[in-house]
Amino acid sequence: MDDVVKSDIDYIKKEYASETYKLENINDVEIGGKKAKELLYVKKDGDTTEYIIEIFMIGENYKYNTGCVLTQDTYNDKKYRQKILDMMCSFKFDEPD
């Protein structure tokens, strides 16, 4: 899993200025009983701040990436942010053949 996550991080570093798009956190999470990585990026553009959450789930026969973009108001609303994270972590999948 780390190679895919590292590729994403390297791509962001290459394509965006560090003061505009910054990796804030990497967390180990579990989705549907499978290990996953959750990345939190903060993107600043003038007076606007957005929070980008990406989740990577990688197994032997699958690679899934899901994510969302939150406004600063949405991110700062802990209850609303938790609802979004719960929705993202409710993803159900089986190992393909």
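A residue counts as partly exposed when its relative accessible area lies between the buried limit of under 20% and the exposed limit of over 50%. In this predicted model, Ile-26 has a relative accessible area of 40% and is therefore partly exposed. Ile-26 sits in strand 1, which runs over residues 21–31. Beyond its neighbours within four places in sequence, Ile-26 is in contact with Ile-9, Lys-37, Glu-38 and Leu-39. Glu-15 is eleven residues from Ile-26 in sequence, and the C-alpha atoms of the two are 19 Å apart in space.

The contacts of Ile-26 offer a convenient way into the rest of the fold, and helix 1 is a good place to continue. Helix 1 comprises the 14 residues 2–15, which at 1.5 Å a residue should span 20 Å; the end C-alpha atoms are 20 Å apart, in agreement with that expectation. Val-5, Asp-8, Ile-9 and Ile-12 are the buried residues of helix 1. Viewed down the helix axis, these buried residues fall within an arc of 95°, so they line one face of helix 1. The face turned away from this buried side carries the exposed residues Asp-3 and Lys-14. Strand 1, strand 2 and strand 3 (48–58) are included in what covers the buried residues of helix 1.

A similar reading can be made of helix 3. Here Arg-81, Ile-84, Leu-85 and Met-88 are buried. These four cover an arc of only 100° around the axis, which puts them on the same side of helix 3. Lys-79, Lys-83 and Met-87 are exposed on the face of helix 3 turned away from the buried side. The cover over the buried residues of helix 3 includes strand 1, strand 2, strand 3, strand 4 and helix 2 (72–76).

In soluble globular proteins, nonpolar side chains tend to be buried together. In the present model, the largest nonpolar core has 16 residues, and those with the most contacts inside it are Ile-53, Ile-55, Met-57 and Leu-70. Strand 2, strand 3, strand 4 (63–71) and helix 3 (78–88) are the elements that give two or more residues to this core. Strand 3 gives the most, with four residues. A second, separate core of nine residues includes Ile-9, Ile-52, Phe-56 and Ile-58. Ile-9, already met as a buried residue of helix 1, is also one of the contacts of Ile-26.

Two buried acidic residues deserve a closer look. Glu-38 belongs to strand 2 (residues 34–45). Glu-38 is buried yet has no salt bridge, and the nearest side chain of opposite charge, Arg-81, is 8.3 Å away. Arg-81 is itself among the buried residues of helix 3. Leaving aside neighbours within four places in sequence, Glu-38 is in contact with Asn-25, Ile-26, Asn-27, Val-29, Ile-53, Glu-54, Ile-55 and Leu-85. Ile-53 and Ile-55 in this list are also among the residues with the most contacts inside the largest nonpolar core.

The other acidic residue, Asp-8, is found in helix 1. Asp-8 is likewise buried without a salt bridge, and the nearest side chain of opposite charge, that of Lys-13, is 11 Å away. Residues up to four places away in sequence not being counted, Asp-8 touches Leu-39, Tyr-41, Glu-54 and Phe-56. Glu-54 is thus listed among the contacts of Asp-8 and among those of Glu-38, while Phe-56 is a member of the second core.

Salt bridges do occur elsewhere, and the structure holds three of them. Lys-6 pairs with Asp-10, the closest N and O atoms being 2.8 Å apart. These two residues are four apart in helix 1, which means that about one helical turn separates Lys-6 and Asp-10. Lys-6 is partly exposed, with a relative accessible area of 48%, and Asp-10 is partly exposed at 35%. Glu-24 and Lys-22 meet through their side chains in another salt bridge (3.8 Å, N to O). Glu-24 counts as partly exposed at 42% relative accessibility, and Lys-22 has a relative accessible area of 47% and is partly exposed. In the salt bridge between Asp-28 and Lys-37, the closest N and O atoms are 2.5 Å apart. Asp-28 counts as exposed at 60% relative accessibility, whereas Lys-37 is buried, with a relative accessible area of 16%. Lys-37 leads back to the starting point, being one of the contacts of Ile-26.

Key: Residues are numbered from 1 along each chain as its sequence is written. This is a predicted model: local features need pLDDT of at least 70, side-chain atom pairs count only at pLDDT 80 or more; totals for chains, interfaces and linings use all residues. Side-chain values use heavy atoms; hydrogens and water are left out. Buried means under 20% relative accessible area, exposed over 50%, partly exposed in between (1.4 Å probe, protein chains only). Lys and Arg count as positive and Asp and Glu as negative; His and the chain ends are not counted. A salt bridge is a side-chain nitrogen of Lys or Arg within 4 Å of a carboxyl oxygen of Asp or Glu. Contact means heavy atoms within 4.5 Å. The expected span of a helix is 1.5 Å times one less than its number of residues. The arc is that of the directions from the helix axis to the C-beta atoms. A nonpolar core is a set of buried Ala, Val, Leu, Ile, Met, Phe, Trp, Tyr and Cys residues joined through side-chain atoms within 4.5 Å.
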